[in-house]
Structure formats: structure tokens, C-alpha cells
Amino acid sequence: KDPAAARWNNTKRGLPKSDPFRFSPIKAEAIRVATHLLIDEAFRQSCWSTDFISKTCQQERNCYSKPFGGLKVIFVGDDGQGQPILKGNDREELRQWDYEDPYDFRSARCLEDLEDKGVSMIQHDLSKVFRQTEGYDSMVLSRFRTGTETEADLDYLNTRVVSHVPSGVTVITPRLYKVAQHNDLGIERLRGEPITFTAKKKGCFVKWEEKRLPFPTELTLKP
């Protein structure tokens, strides 16, 4: 069968749990028939959550001799990316779980002694840059990513600071509400009649899942 997608939200915070998570029958079946598991933004995932996912897969697949219940796991991420921001006493409490590095998934206990478990881990480093096509810009951003930036890099970035956003540029913001504000202003300037599209939901949704949808259930656009 084709690999089934089993996803966990890596933005959810919280402290380690001792028991694996129980999925609905449909999701549990997806894990049982899957052959591969893709974990994106792996370097923003803590050790305990990696172990938690592994234990849950072992339970649903009834295979406890190998990590993730024997699934082939693809970890995707940037090893120079910043670690997640923890709230309250989470940081100190996570340290009590005696991980070598609580914020590096590679230190998870399920990934220890892989050879003894008949499992291997292969690392592939990608070299082609897709987002920054300008050579010098790419090198500057890479140095900031790895903490090796220079005064010349700072001076170069400061030459790009503007007091007003020029028209016609692509606006990037880490906040969704800012994206919505920018889009709403652009739509208001258009002369066409607004057209509203209503989403169709299939399957089961609980209230907290609806709040995390990538788009609102109603989307108004103009031609």
C-alpha cells in the first residue's frame, strides 16, 4: 500500500508523558499500514516528543523491537535553526529527563544504539539554495544562521532597512494576523465585486483543530 501520512503538530508544547497517545481507529490504521513517516522541522523537535512519537508508533504497529515500530523515518530540517521558545519552567523540567541535549532530536533515547537494533541512520546534506538565489545574500544569511556573522554582514543588512515598505514588494511576516491585514488592505483597493468561497469540511473536526486550519472557512476575494 502507499505510505500513509501520520502527522503530529510539532508546535504544541508541554512536558513529557509516560504513556503513548491513543489515536482514533482511522488514524491508528493509517499508522499501521504506513511504510514511511516524514517529520518536518525536526531540529525544532525536542527529544521527549521524538521518543513519544516512537513509543506511539510501536504501540499502534505492535512492534517494540525497533524505533517507531519499524517505520522508515525521514527527518527533515536545518541543524542551524534556532531552538523552540519554551514557557514557564518547561526548560528546567525537561532537563530533569537526563537527555544529553533535550532540544536535539538526535539525542532521543529511541535513536540510541541503532546498530544493536538492526537500524541505520543516513545523513544527506542538501547544497542547493532555493529561497535566496543571490549568491552574496545567501552567504550572509547562512552566516547569521550559524552564528558566524561579521560586522560587514551587519552593515550590509542595514543598507536594506527602509522606513516605508515600497509598493509591489513581497511582504514576509511571522504573524498570521499581519498577513491577513496586508491581504485585506490589498483586496479593499481592488474595484471588482467581492466573491466569497465557503470551505467544505470532510471527516471529523474538533473545535481546536478548526482554529488551526491554514485558511478560514470563508474566503473573500476580488477579481
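Accessible areas were obtained by the Shrake-Rupley method with a 1.4 Å probe. On this basis, the accessible surface of the protein, taken from a predicted model, amounts to about 17600 Å², and carbon and sulfur atoms contribute 53% of that area. Of the 223 residues in the protein, 22% are buried. Where contacts join residues at least 6 apart in sequence, 66% of them are between residues at least 24 apart.

The secondary structure consists of seven helices and four strands, and these elements are arranged along the sequence in the pattern α-β-α-β-α-α-α-α-β-α-β. Within this arrangement, helix 2, which spans residues 47-61, comprises 15 residues and extends 21 Å from its first C-alpha to its last, a value close to the 21 Å expected at 1.5 Å a residue. Helix 2 is mostly covered, with 13 of its 15 residues classed as buried. The residue that follows helix 2 is Asn62, for which phi is positive, near 55 degrees.

A search of the whole structure for interacting rings returned four aromatic pairs. One of these is formed by Phe68 and Phe75, whose ring centres are separated by 6.1 Å and whose planes are inclined at 65 degrees, an arrangement that is edge-to-face. The two partners differ in their cover: Phe68 has a relative accessibility of 2% and therefore counts as buried, whereas Phe75 has a relative accessible area of 22% and is partly exposed. Because the limit for a buried residue is under 20% relative accessible area, Phe75, at 22%, falls in the partly exposed class.

Phe75 also takes part in a pair with Phe105, and here the geometry is stacked, with 4.4 Å centre to centre and 25 degrees between the planes. This second pair links distant parts of the chain, since Phe75 belongs to strand 2 (residues 72-75) while Phe105 lies in the loop between helix 3 (90-95) and helix 4 (135-146), the two residues being 30 apart. Phe105 itself has a relative accessibility of 4%, so this residue counts as buried. Ring pairs further connect these residues into a cluster that is made up of Phe43, Phe68, Phe75 and Phe105.

Taken together, the aromatic pairs around Phe75 include an edge-to-face arrangement with Phe68 and a stacked arrangement with Phe105, and within the cluster that also holds Phe43, the partly exposed Phe75 is paired with the buried residues Phe68 and Phe105.

Technical notes: Residues are numbered from 1 along each chain as its sequence is written. This is a predicted model: local features need pLDDT of at least 70, side-chain atom pairs count only at pLDDT 80 or more; totals for chains, interfaces and linings use all residues. Side-chain values use heavy atoms; hydrogens and water are left out. Buried means under 20% relative accessible area, exposed over 50%, partly exposed in between (1.4 Å probe, protein chains only). Contact means heavy atoms within 4.5 Å. The expected span of a helix is 1.5 Å times one less than its number of residues. Rings of Phe, Tyr and Trp (its six-membered ring) pair if their centres lie within 6.5 Å; planes under 30 degrees apart count as stacked, over 60 as edge-to-face and the rest as tilted.
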